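Please look over the sequence and the model shown here before reading the report. The text then moves from the whole chain to selected helices and their contacts.

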Amino acid sequence: QAVAAAVAESTPDLVVLAGSLLVAMLHQVLSDPAMESWGWRIPFLLAGPLGLVGRYIRVHLEDSPHYRALAEASRGRTQQRTPLRVLLTHHRRALAVTFGVASLNAVAFYLLLSYMPTYLSAELGVDETVSFYASTIALSVYIVSIFVMGHVSDRFGRRRMLVIASVLFVVLTVPLFGLLASDMAPVVALLRQNFSLQLNLVAN
């Protein structure tokens, strides 16, 4: 199941990968003044038509037969008038666990794969082209390892994977960010891949 879900997990990440690669190439071919004055608009101009295509697909895409069957079966059931009250009264533990898992995945993803290029260039003085290429490599490793971690998750269980990922993020995040300040490029690259693999543990 996790291997099958990895397809859905990796598809939007391919878009992020394409964006990271495009920005890295723009930083490589354009000067800083050109990038700041008009070059930053190029990704948005390219993404606009793609957004319209996505909107067209979403509007015209039919629901799956399984979903339609579930919707049809639920029509005769009595709906809760206060579902939020029921949720907060009877499902507090499940709600807290779900919130924690979603927060860990979201914070880890955007911290490591979106903010990291800015952190490397603004805080550590790494060249912007290098930082975005490093992010592109990390994203590539992340996408490929999604399927590997999905297989491991199917074998050892979701709960065990999630617990391991949570512990690793709590224990290793601060020390690894400290090591990122190293001037050695191989160390920085290796730590980026380490973060990506930890994130994959959460995703699967």
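What follows describes a predicted model, beginning with the chain as a whole and ending with two helix pairs.

**The chain as a whole**

The protein chain holds nine helices and zero strands, and from the N terminus on its elements run α-α-α-α-α-α-α-α-α. Of the 204 residues in the protein chain, 28% are buried. The chain exposes about 13,700 Å², of which carbon and sulfur atoms supply 68%. When contacts in the protein chain between residues at least 6 apart in sequence are considered, 76% of them join residues at least 24 apart.

**Helix 1 and the surroundings of His27**

His27 belongs to helix 1, which spans residues 2-29. Is His27 buried or exposed? Its relative accessibility is 14%, and because the cut-off for buried is under 20%, His27 counts as buried. Leaving aside neighbours within four places in sequence, His27 is in contact with Met35, Glu128, Thr129 and Phe132. Of these partners, Met35 is one of the buried residues of helix 2.

**The two sides of helix 2**

In helix 2 (residues 32-39), the buried residues are Ala34, Met35 and Gly39. These residues lie on the same side of helix 2, because they cover an arc of only 100° around the axis. Pro33 and Glu36, by contrast, are exposed on the other side of helix 2.

**Two helix pairs**

A pair of packed helices is described by the angle between the two axes and by the distance between them. The table gives these values for two pairs.

| Helix pair | Angle between axes | Distance between axes |
|---|---|---|
| Helix 2 and helix 3 (residues 41-60) | about 40° | 7 Å |
| Helix 7 (residues 128-156) and helix 8 (residues 158-180) | roughly 120° | within 7 Å |

The angle of about 40° between helix 2 and helix 3 makes helix 2 oblique to helix 3. In this contact, Ser37, Trp38 and Gly39 of helix 2 meet Arg41, Ile42 and Pro43 of helix 3, and by class the residues are three nonpolar, two polar and one charged. Gly39, which takes part in this contact, is also among the buried residues of helix 2.

The axes of helix 7 and helix 8 cross at roughly 120°, and the two helices are therefore oblique to each other. On the helix 7 side, Met149, Val152, Ser153, Asp154 and Phe156 meet Arg158, Arg160 and Met161 of helix 8. The residues of this contact divide into four nonpolar, one polar and three charged.

Note on methods: Residues numbered from 1 in each chain as written. Predicted model: local features only at pLDDT ≥ 70, side-chain atom pairs only at ≥ 80, totals over all residues. Heavy atoms only, no water. Buried < 20%, exposed > 50% of the residue type's maximum accessible area, 1.4 Å probe, protein only. Helix = DSSP H or I, 4+ residues; strand = E, 2+ residues; numbered from the N terminus. Arc of directions from axis to C-beta. Axes fitted to C-alpha atoms, helices over the stretch in contact; angles between N-to-C directions. Parallel < 35°, antiparallel > 145°, perpendicular 65-115°, else oblique. Contact = heavy atoms within 4.5 Å. Nonpolar A, V, L, I, M, F, W, Y, C, P; charged D, E, K, R; others polar. Areas by Shrake-Rupley, 256 points an atom, 1.4 Å probe, with all protein chains shown as cover.
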